Amino acid sequence: MSKTNGHEIPRVGFYVCHCGHNIAGAIDVDAVAKYVATLPGVVVSRDYKYMCSDPGQELIEQDIKDHQLNRIVVASCSPLLHEHTFRNATEKGGLNPYFFQMVNIRENVSWVNDNKAEATEKAKDLARAAVRRVIHHRSLEPKKVEIHPDVLILGGGIAGIHAALTLANAGKKVYLVEREATIGGHMAKFDKTFPTLDCAACILTPKMSDVKNHPNITLWTYSEVTNVEGFVGNYTVTVKRKPRYVIEELCVGCMECIDACIYKEGKYPDEFNVGLSKRKPIYVPFPQATPQVVVIDRETCIDFKSGKCKKTCIESCDRDAIDLKQQEKIEQIRVGTVILATGYQIFDAHRVPYYGYGKFPNVYTSLEVERLVNASGPTGGELILRDGARPKTVGIIHCVGSRDKNTNRWCSRTCCMYALKLAHLLKEHTDAEVYNFYIDIRAAGKTYEEFYDKLLDENIHFIRGRVAEVTNWAARPSEEGKLVIRVEDTMIGIVRRIPVDMVVLAVGMEPKSDAQEVRRLFNISCSTEGFFLERHPKLAPVDTFTDGIFIAGTCQGPKDIPDSVAQAGAAAAQALMLIDSGSIELEPNTAHVVQEECSGCKSCLTICPYHALSRDEVKQKATINEALCKGCGTCVAACPSGAIKQNLFEDEEIFSEIDGMLDLQLVGTNKG
Amino acid sequence: MSIVPIIPSLLVKDSPAKVPRKISRRIKFESELDLSFGESVAERAYGENLLSCIQCGTCSATCPLSHYMDYTPRRIIAMVREGFKEEVLNSLTIWLCASCYSCYVQCPRQIHITDIMYALKREAIARGGYPPRHPIPVLAREFFSRVKRHGRNTESFLLVSLYLKTNPFAMLKEAWLGTRLWLSGRLSLKTESIKRKKELRTILNAVEAEKGDGHQ
Amino acid sequence: MKYLYYPGCSLRSTGRAYEESMLALFKALEIPIEELNDWNCCGATAYVSIDETEAFALAARNLELAENQAGNGTVDLVAPCSACFLVLTKTQRYLSTYPEVSRKVNDALKTVGLEYEGKTRVRHPVDVIVNDYGLDKVAKHVTRALKGIKVACYYGCQIVRPFATFDHPHYPTSMDRIVKAIGAEPIDWPLKTRCCGGSLTGTIQEAGLRLSRALLKEAEKRGADVIITCCPLCQHNLECYQGRINNKYEETIDIPVLYFTQLMGIAMGIPEKELGIQRLFRKPKFTSVSAKGGEAVHV
């Protein structure tokens, strides 16, 4: 009886699950089971408390043996949750696992209906449709693909670094590709980290140099992925390595070329110090940059701009590492899995002009203040404002570009805590009066609340209210020359005007401006706000809907360092799981071309969202790469000659299901 | 009874930090609230987002008049939401709103606060629960009936009737300004009116008639 | 393109000089404009305090009349008064956003055979001059560049909030750019969209006066020679109550408050009488003195 071929007399076993009270509370499961028992072809029809439990599964196995069942239908929850479970049970009973059909009467019926009689009728309709459908199921064999053991990690911030080291330490070969000239990401710019106040550089730079020195990691900075082809286990990735005009293998980072540059002082905004200091056209982003290699910015270098430079940098280098004629290099690599850790960008505070960023020099973003209080920052850690003064009063405005339908709707999760940290640091550096203006303090992390307590004890002001405006309109002599913050102190219920010397905008996190391009490159999805979408918000937080592509860190949504690191570890583990299992079984619901019916019209080629279709130029027919096919059915519907079929979605399966739903009588079929 | 409107004299004091207060009992029993008030206001004021208020206070802080109000706009929203109908409809806040729409454009929840204030004014005027001689409802009523009658407003007559009905003595104060305006040709004493008055009245009456069968 | 003109009640009374100067300016710039026939009051802020749907119907009649008078296609209806501009743009917006409002208003209009199809665009003269006509063209008409004159541009509230799309709701720049185009110097003034008190100066006067006082004091402090406005009520509050504010709060403010159209007219050499300058209580000191003929203006 095992491995039936679909042409014998159907003997269907049907099982309706109570799911405790979830289903049985809203649907008369007994009535459903009794009804299905009357349908043609049904041999066994039962209801059971928890079908997904071991005894539930054993019930199916036993019935297959006792009653020679050859088709199984379970009416329970979403196939996303337990389709796999019941296919296994079917297989254990001795049948091909695809002789199984699942009916979702929980999410689709019991949870969304409050009329028990109607819900029961709907459940019966769905069950009848599934019974009719399953009769036409065929035996299928899932395809296996090998997993290439190398991994690509995109983005060299803390998430990418942590994932790279985890995999490399497990003995896997990792390509770490970073767009900037150094790895380190945003974390490298931070001063201290909440809530422990350990210095960001002290905990990050050892990991950065581990990356550089690890034999299993190939580090490509100043590089970008330009093309991705293939499928899980077998990706071919093209990486463009931009010319830094300095030969990486020769440069030792002595920086004599920088001293020798014809610019005696820095002239252009220094990206690492968020524009608070100036750099030369030839520079190293920051002292612990990794790799410790000089880069020449062609946008600002005189030689590139006019060709009239004495090229003192070349002369100064005794290792001949400078090559102004360097070209970009295209590398092609094969990897089996990819971890995207492309990070975030900060909210552009110019978008909320009422806070005066860009208009008043002493209004800063939080990232600027990170540099300003940092010992290696533009002022050597001295808190000197843009106008040369030292602040006696500081206002920190929370939720700038967060929780606001006019800009970004979401909570950026980290701002409360980093604002508290900056409040502490500013107080420590300047002994200024520090005011926090917040809507709600979100300190939900391990020892975060304790940090908030500490700040309260430090006599930092906490004013609950969203600031309406930062203005230089002085309404009292005491406000002259100050920035005045207008806010309602909502705890007291009165509008206050608070003059300060310095305003810090706690800017939120948002998706990187090119997140959509990365999304398309790797064929994954984004949530409405533009962050990369995980496969399941709770149970598959680092998977995507594309097999073998994982996400970690802030490209998935706002999060702090501990959460980014945890996700990076999780993504590495997911990749390891695939690599060490050696191969992956693909869902056999793929499409295939019936060659004799294909007219070679090419209309299917362009519409496949997964690039799974190609044309066999010799035979002049379309072919489908089953490893790439996701079973979306687009080509099946589009084929004008009906030459494309899809496993588990054959015409007779779908039509029988529709007939069953509409309760049309079976006519003209030998299986009724 | 004082002839001078009571409101102005209350207004201009700075915050009463040093004013001694009498002990009074303040507690609210759930049975005194109108729990459907929030939803009913939200419905009438295109304030469908009223219920999503997070009490951040942006409206109060951006409001140029909140420092004269008995309850800040944020508190009004909270009170509407929680059913403090009597307090809200008796508050001075709703009359002080000058419709400058600052809160409307800056609210992070995009709540139509100005529309909510209008809805509250309408409800207060409809039930007559505003202070006697309160100039704003009087002005609104005068304006309403003049426009309904003539199709246009004549500023001079509007002001005269406003002062007659609220504070006749204050008119004397304004007489000099009025004369200067008249002399410079900036105050017309001719009643402005449209030609097709009947057409306009038919339109407005049609709205009124429809209201009879629906909610306001 | 021809514009239709919606004066509103104030421009026939306290704001007469606004009408005179605007029409003179449009004539000088050769912008064709024609008054809307039988327009009615927009309803302002008061009508909606009694009945909202009637207020929308009141405003919608004007939108309909404009559409009718124009014949085919969309029509630009120029409303110089901020209250009118706000009420008309708001009505336009709510009619298209809320089907219930649209149904009620159109049902009412139908009783007299009118039907509004949504083809009227409500415009403000500032918008027309800056975005349709163009400031480089304005600069060419300047015959008496107002060099060195410091101008506080006061936009008030309802002109930029919340339904106007031609400028920023809190930090507009259109009038500042006009001022530069006519050779004068706009001052940095943080209160350009803060409320002047509106009709509170007539009702709860102390509150209203205090708002106007804040604006005037700050303009004075920042060295403004003149304030320009684009709203009849703002002009009235800031100009006519200056004396009372000085008395009450012991200030010594003395700043002329002009309509932006008047200032433009002065720079373009339009005779003062046509601009209604004689109606001002505080005349600008620079009208006949500092302006010199024929200077090129750098925009």
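# A tour of the predicted model

Start in chain A of this predicted model and select helix H2, residues 54–67, together with helix H3, residues 79–92; their axes come within 8 Å and cross at roughly 35 degrees. The crossing of H2(A) and H3(A) is right-handed. To see where the two helices meet, show side chains for A:Gln57, A:Ile60 and A:Glu61 on the H2(A) side, and for A:Thr85, A:Ala89, A:Thr90 and A:Lys92 on the H3(A) side. Coloured by class, this contact shows two nonpolar, three polar and two charged residues.

**A second helix pair in chain A**

Move along chain A to helix H12, residues 415–430, and helix H13, residues 448–457. The axes of H12(A) and H13(A) come within 10 Å, and the crossing angle is roughly 35 degrees. Here H12(A) passes H13(A) in a left-handed crossing. Select A:Met417, A:Leu420, A:Ala423 and A:His424 in H12(A), then A:Tyr448, A:Phe451, A:Tyr452 and A:Leu455 in H13(A): these residues make the contact. By class, the contact of H12(A) with H13(A) has seven nonpolar residues, one polar residue and no charged ones.

**A loop in chain A**

Now go to the loop between strand S8 (192–193) and strand S9 (198–199) of chain A, where A:Pro195 lies. The peptide bond between A:Phe194 and A:Pro195 is cis, with omega about -10 degrees. Stay in this loop and select A:Leu197, which also sits between S8 and S9 of chain A. The phi angle of A:Leu197 is near 60 degrees, a positive value in a residue other than glycine. Is A:Leu197 buried or exposed? A:Leu197 counts as partly exposed because 14 other C-beta atoms lie within 10 Å.

**Chain A as a whole**

Zoom out and show chain A as a cartoon. Chain A has 17 helices and 34 strands. Along the principal axes, the C-alpha atoms of chain A fill a box of roughly 90 × 70 × 45 Å. Chain A has 672 residues, of which 47% count as buried. Among the contacts in chain A with a separation of 6 or more, 71% are between residues 24 or more positions apart.

**The sheet in chain C**

Hide chain A and turn to chain C. Select strands S6, S7, S8 and S9 of chain C: they form an open sheet of four strands in the order S7-S6-S8-S9, with parallel pairing. Which strands of chain C are at the edges? Strand S7 (185–186) and strand S9 (257–259) of chain C are the edge strands, each pairing on one side only.

Next, look at the pairing of strand S6 (residues 150–154) with strand S8 (residues 226–229) of chain C. These two strands run parallel and are joined by four bridges. Label C:Ala152 and the residue opposite C:Ala152 in S8(C), which is C:Ile227. Then add helix H12 of chain C, residues 260–267, which lies across S8 and S9 of chain C and runs at about 80 degrees to S9(C).

From S6, follow chain C into the loop that leads to helix H8 (174–181); C:Pro162 is found in this loop. A cis peptide bond joins C:Arg161 and C:Pro162, with omega about -20 degrees.

**Where chains B and C touch**

Bring chain B into view beside chain C. How many residues of chain B are in contact with chain C? The contact takes 56 residues of chain B and 50 residues of chain C. On the chain B side, select helices H1 (6–11), H7 (102–106), H8 (113–127), H9 (135–150), H10 (155–166), H11 (168–183) and H12 (197–213); each supplies at least two residues of the side that touches chain C. H12(B) gives the most to this side of chain B, with ten residues. Colour the side of chain B that touches chain C by class to find 34 nonpolar, eight polar and 14 charged residues.

**A last stop in chain B**

Finish at the loop between helix H6 (93–96) and H7 of chain B, and select B:Tyr101 there. B:Tyr101 has a positive phi of about 65 degrees although it is not a glycine. B:Tyr101 counts as buried because it has 25 C-beta neighbours inside 10 Å.

Key:
Residues numbered from 1 in each chain as written. Chains lettered and ligands numbered in written order. Contact = placed C-beta atoms within 7 Å. Nonpolar A, V, L, I, M, F, W, Y, C, P; charged D, E, K, R; others polar. Axes fitted to C-alpha atoms, helices over the stretch in contact; angles between N-to-C directions. Left-handed = near helix turned anticlockwise from the far one by under 90°. Buried ≥ 20, exposed ≤ 12 C-beta atoms within 10 Å, placed from the backbone. Pairing = 2+ DSSP bridges.
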